[in-house]
Amino acid sequence: MRVAIIACPAWANWAPNPAMLLLAAQLRRAGHQVDPWDLNIDLYRAVDEPYRAWWLDEHSTKWETDAEVDRLWAAHAGVLDRYADGVAARRPDAIAFTVN
C-alpha cells in the first residue's frame, strides 16, 4: 500500500515533525511505501513574509482561529492547490495527517 503522510502546520520551522518520521518508519517496517510531505516547512517557505510570524511561539494561536486560517488559505490558495495536486499525483491508497 502507498501511504502519503502530510505533516501539517504549525510545527517548528527548524526541525522535522517527529510524528511523521515515526509513522513513516513503522509503515515502512510493515512493508508499505511511504511518501512523506512536510506541508509545515513547505508552506512556511512559500508564504508571504507577514505570515511567517505564525510559526513563532508568540503567534501560534493564529492557527486556532478559523478566520485567520481562512485568510492564509485564501492568500496562498495556489500554493496549497499545487501541493494537493502533487500528493494526488502520487496516487496514494491512504493519506495520513499529523496534528499537533
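What is the volume of the largest pocket? That was my opening query today, and I got about 160 Å³. A reminder to myself before going on: this is a predicted model.

**Entry 1: the pocket lining**

I listed the residues around the largest pocket next. One stretch of the lining is Ala10, Trp11, Ala12, Asn13 and Trp14. Tyr44, Arg52, Trp54, Trp55, Leu56, Asp57 and Ser60 also line this pocket. Sorted by class, the lining comes out as eight nonpolar, two polar and two charged residues.

**Entry 2: the whole chain**

I stepped back for an overview. The protein chain has 100 residues, and 33% of them count as buried. I found five helices and three strands, and from the N terminus on they follow the order β-α-β-α-α-α-α-β. The C-alpha trace spans about 40 × 25 × 20 Å along its principal axes. I also checked how far apart in sequence the contacting residues are. Taking contacts between residues at least 6 apart, 67% join residues at least 24 apart.

**Entry 3: the nonpolar cores**

Which residues have the most contacts inside the largest nonpolar core? My lookup returned Leu43, Trp55 and Leu72, in a core of 17 residues. The elements that each give two or more residues to this core are β1 (2–7), α2 (39–46) and α5 (77–89). Helix α2 provides the largest share, with four residues. I jotted down a general point here: in soluble globular proteins, nonpolar side chains tend to be buried together.

I then followed Leu72. Setting aside residues up to four places away in sequence, Leu72 touches Leu43, Val47, Tyr51, Trp54 and Trp63. Trp54 is also on my pocket list.

There is a second, separate core too, with eight residues. Val3, Ile5, Met20 and Ala96 are among them.

**Entry 4: helix α2 and Asn40**

Since α2 kept turning up, I looked at its buried residues: Leu39, Asn40, Ile41, Leu43 and Tyr44. What covers them includes β1, β2 (33–37), α3 (49–52), α4 (66–75) and α5.

Asn40 caught my eye in that list, so I checked its accessibility: a relative accessible area of 2% makes Asn40 buried, as the cut-off is under 20%. What does the side chain of Asn40 pair with? It makes a polar contact of 2.6 Å with the side chain of Trp55. A polar atom of the Asn40 side chain also lies 3.2 Å from the backbone oxygen of Ala12. Beyond its neighbours within four places in sequence, Asn40 is in contact with Ala7, Cys8, Pro9, Ala10, Trp11, Ala12 and Trp55. Ala10, Trp11, Ala12 and Trp55 are pocket-lining residues as well, which was a nice link back to my opening query.

**Entry 5: Arg2**

Is Arg2 buried or exposed? Arg2 sits in strand β1, and its relative accessible area of 17% puts it in the buried class, because that class means under 20%. I looked for polar partners and noted the backbone oxygen of Arg90, 3.5 Å from a polar atom of the Arg2 side chain. Leaving out neighbours within four places in sequence, the contacts of Arg2 are Gln33, Asp35, Arg90, Arg91, Pro92, Asp93 and Ala94.

Key:
Residues are numbered from 1 along each chain as its sequence is written. This is a predicted model: local features need pLDDT of at least 70, side-chain atom pairs count only at pLDDT 80 or more; totals for chains, interfaces and linings use all residues. Side-chain values use heavy atoms; hydrogens and water are left out. A nonpolar core is a set of buried Ala, Val, Leu, Ile, Met, Phe, Trp, Tyr and Cys residues joined through side-chain atoms within 4.5 Å. Buried means under 20% relative accessible area, exposed over 50%, partly exposed in between (1.4 Å probe, protein chains only). Contact means heavy atoms within 4.5 Å. On a 1 Å grid over the protein atoms alone, a cavity is a set of points where a 1.4 Å probe fits but cannot get out, and a pocket is an open set with protein on both sides within 12 Å along at least five of seven lines; lining residues have an atom within 4 Å of a point. Grid points are joined across faces, edges and corners, and a volume is the space filled by probe spheres set on the points. Ala, Val, Leu, Ile, Met, Phe, Trp, Tyr, Cys and Pro count as nonpolar, Asp, Glu, Lys and Arg as charged, and the others, Gly among them, as polar. A polar contact is a pair of N or O atoms within 3.5 Å; within protein, one must be able to donate a hydrogen and the other to accept it, and residues adjacent in sequence count only if both atoms are side-chain atoms.
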